[in-house]
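Open the model in your viewer and keep the selection box ready. We will go stop by stop.

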Amino acid sequence: MTENVSRRRLLGTCAAIGAGVAASAVSTQLAYAADPGYSGDTLVLLSLRGGFDGLSAIVPIGDPDYYRARPSIGVPKSQVIAGDGTFGLHPAMAPLLGLWKSGKLAAVHAAGQPDPTRSHFAAMEAMENAAPGSSVRSGWLDRMLGTTGSHAPLAGVSLGHAMPARVLGSGVAMESIDSFELAGASKKPIAAALRAMYADAPALLAAPARAADRALAATAGLPAGTKGTYPATDLGSALRDVARLIKARAGLVTAAVDCGDWDMHEALGSAVKGQRMFDNLTDLSLALAAFAADLGDGMKNVTLVTVSEFGRRVGENASHGADHGHGNAMLVLGGGVRGGKVYAKWPTLAPRALVDGDLAATSDYRSVIGEILQKRCGVGSLSGVFPSVTASSFGLVAAR
């Protein structure tokens, strides 16, 4: 066999590809549309793993209980940017100020899951499945792809050090475009071997190999040029690759990107450079700003939304951090976004309004995404994606 590649080795490699998303701090999954007639936005789901502190990022400066609850980690009114008297952005988000002012970036506050949980695993599983109380076991991005008629050419396959994927199990997973290849040989000999080996095999057995062949072909020779100056971070690299696929018109319908290190039980820090939250928000903001600059006018057909398994508690702890909470903030970036504002049914941070010490989630995160799916991605009924959920009526995005 070509370059001494055995059937057992190929099967092992294909099985590894199917395992799920990369286990590094940032991983990227990509699902391509087989139907070139898809005319909706490319939806980019950015998961901020660990429990993003929305109360630091989108600061409720008009709520006096915020400052009472966070005497050392609260962001002072004098330091926020784009303040409107009710909310303001953390100063580390300055790289996004131009997108905010131009109306391409918005936030939704007090969003979350219907059933509070402080378990990372349980909360992430529930958020990615997004169908509590039902028998549905697939990830919601898989279901979204089904409603659009798009198909993943490499269903359930991944590359590198992977862990099981829930939100987009039918996609191809990779650490980066340039490293996406079958281990042990160059792409061409491996792909040729796969085609020959499974040419006459039953469809069920041949499907992973044929999907791998299509995915390898789809990512071969993609241009590497970028217009944005991405930070030298895992997130910057991941978003650069997403932008490459969008610009190459590779049929990308949705991309799921993970970004970790938001579990700040201690030393969250004050709103100055060198503090953990400030530096993480800076990296996040630089990556998002670079992504938008790279795509330029192409952002008119892209919507990026952030989610996190839960927020942080309202009150700071003795370690100057914040423990696992409930309600949170979501960021929404795109050409169809009606931005420059915070959308919220604000419950206040008064003690009587809290849910066991946490910000109440007055908006279901699925409803927020549902509005995007219907207005920007051409999804008609949400029942096939989010059972028993109605889209939000914020007016967050304009209809295509």
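**Stop 1: two loops that meet**

Select Pro116, in the loop between strand 6 and helix 5. This is a predicted model. Pro116 is partly exposed, with a relative accessible area of 49%. Now add His326 to the selection. Pro116 and His326 lie 210 residues apart in sequence. In space, C-alpha to C-alpha, they are 6.0 Å apart.

**Stop 2: strand 12 and its partners**

Next, select strand 12, residues 328-334. Is this strand mostly covered or mostly exposed? Mostly covered: seven of its seven residues are buried. Check both faces. On one side sit Asn328, Met330, Val332 and Gly334, all buried. On the other side sit Ala329, Leu331 and Leu333, also buried.

Which strands pair with strand 12? Show strand 6, residues 105-112. Strand 6 pairs with strand 12 in the antiparallel sense, over five bridges. To find the register, pick Ala106; its bridge partner in strand 12 is Val332. Then show strand 11, residues 302-307. Strand 11 and strand 12 also run antiparallel, joined by three bridges. Here, pick Thr303, whose bridge partner in strand 12 is Gly334.

**Stop 3: strand 10 and strand 3**

Move to strand 10, residues 252-259. All eight of its eight residues are buried. Add strand 3, residues 42-48. Strand 3 and strand 10 pair in the parallel sense, over six bridges. Zoom in on Val44: it stands opposite Ala255 in strand 10.

**Stop 4: the nonpolar cores**

Nonpolar side chains tend to be buried together in soluble globular proteins. Here, select Ile58 and Phe291. In the largest nonpolar core, which has 50 residues, these two touch the most other members. Several elements each supply at least two residues of this core, including strand 3, strand 6, strand 10, strand 11 and strand 12. Among the helices that do so are helix 4 (97-101) and helix 9 (234-247). Which element gives the most to this core? Helix 10 does, with 11 residues. Colour residues 276-295 to see helix 10.

Stay with Ile58 and list its contacts. Leaving aside neighbours within four places in sequence, Ile58 is in contact with Phe87, Gly88, Leu89, Met93, Ala107, His109, Ala329, Leu331 and Val342. Two of these names, Ala329 and Leu331, you met on one face of strand 12.

Another core lies apart from the largest one. This other core has 35 residues, among them Leu145, Ala256, Cys377 and Phe394.

**Stop 5: the cavities**

Switch to a surface or cavity display. How many cavities of 30 Å³ or more does a search of the whole structure find? Three.

Start with the largest cavity, with a volume of about 80 Å³. It is lined by 13 residues; the closest to its centre are Ser47, Arg49, Met127, Glu128 and Val307. Strand 3, helix 5 (120-129) and helix 11 (365-376) each give two or more residues to the lining of the largest cavity. That lining divides into eight nonpolar, two polar and three charged residues.

Then go to the second largest cavity, of about 60 Å³. Select Ala111, Gly112, Met127, Val307, Ser308, Asn328, Ala329, Met330 and Tyr365, which line this second cavity. Strand 6 and strand 12 each supply at least two of these lining residues. Strand 12 gives the most, with three. By type, the lining of the second largest cavity has six nonpolar residues, three polar and no charged.

**Stop 6: two residues with positive phi**

Most residues other than glycine have a negative phi. Finish with two exceptions, each in a loop.

Select Asp261, in the loop between strand 10 and helix 10. Its phi is near 75°, a positive value. Is Asp261 buried or partly exposed? Partly exposed, with a relative accessible area of 44%.

Last, select His320, in the loop between strand 11 and strand 12. His320 is not a glycine, yet it has a positive phi of about 55°. His320 is partly exposed, with a relative accessible area of 43%.

Definitions and conventions
Residues are numbered from 1 along each chain as its sequence is written. This is a predicted model: local features need pLDDT of at least 70, side-chain atom pairs count only at pLDDT 80 or more; totals for chains, interfaces and linings use all residues. Side-chain values use heavy atoms; hydrogens and water are left out. On a 1 Å grid over the protein atoms alone, a cavity is a set of points where a 1.4 Å probe fits but cannot get out, and a pocket is an open set with protein on both sides within 12 Å along at least five of seven lines; lining residues have an atom within 4 Å of a point. Grid points are joined across faces, edges and corners, and a volume is the space filled by probe spheres set on the points. Helices (H or I, at least four residues) and strands (E, at least two) are DSSP runs, numbered from the N terminus. Ala, Val, Leu, Ile, Met, Phe, Trp, Tyr, Cys and Pro count as nonpolar, Asp, Glu, Lys and Arg as charged, and the others, Gly among them, as polar. Buried means under 20% relative accessible area, exposed over 50%, partly exposed in between (1.4 Å probe, protein chains only). Two strands pair if DSSP finds at least two bridges between them. A nonpolar core is a set of buried Ala, Val, Leu, Ile, Met, Phe, Trp, Tyr and Cys residues joined through side-chain atoms within 4.5 Å. Contact means heavy atoms within 4.5 Å.
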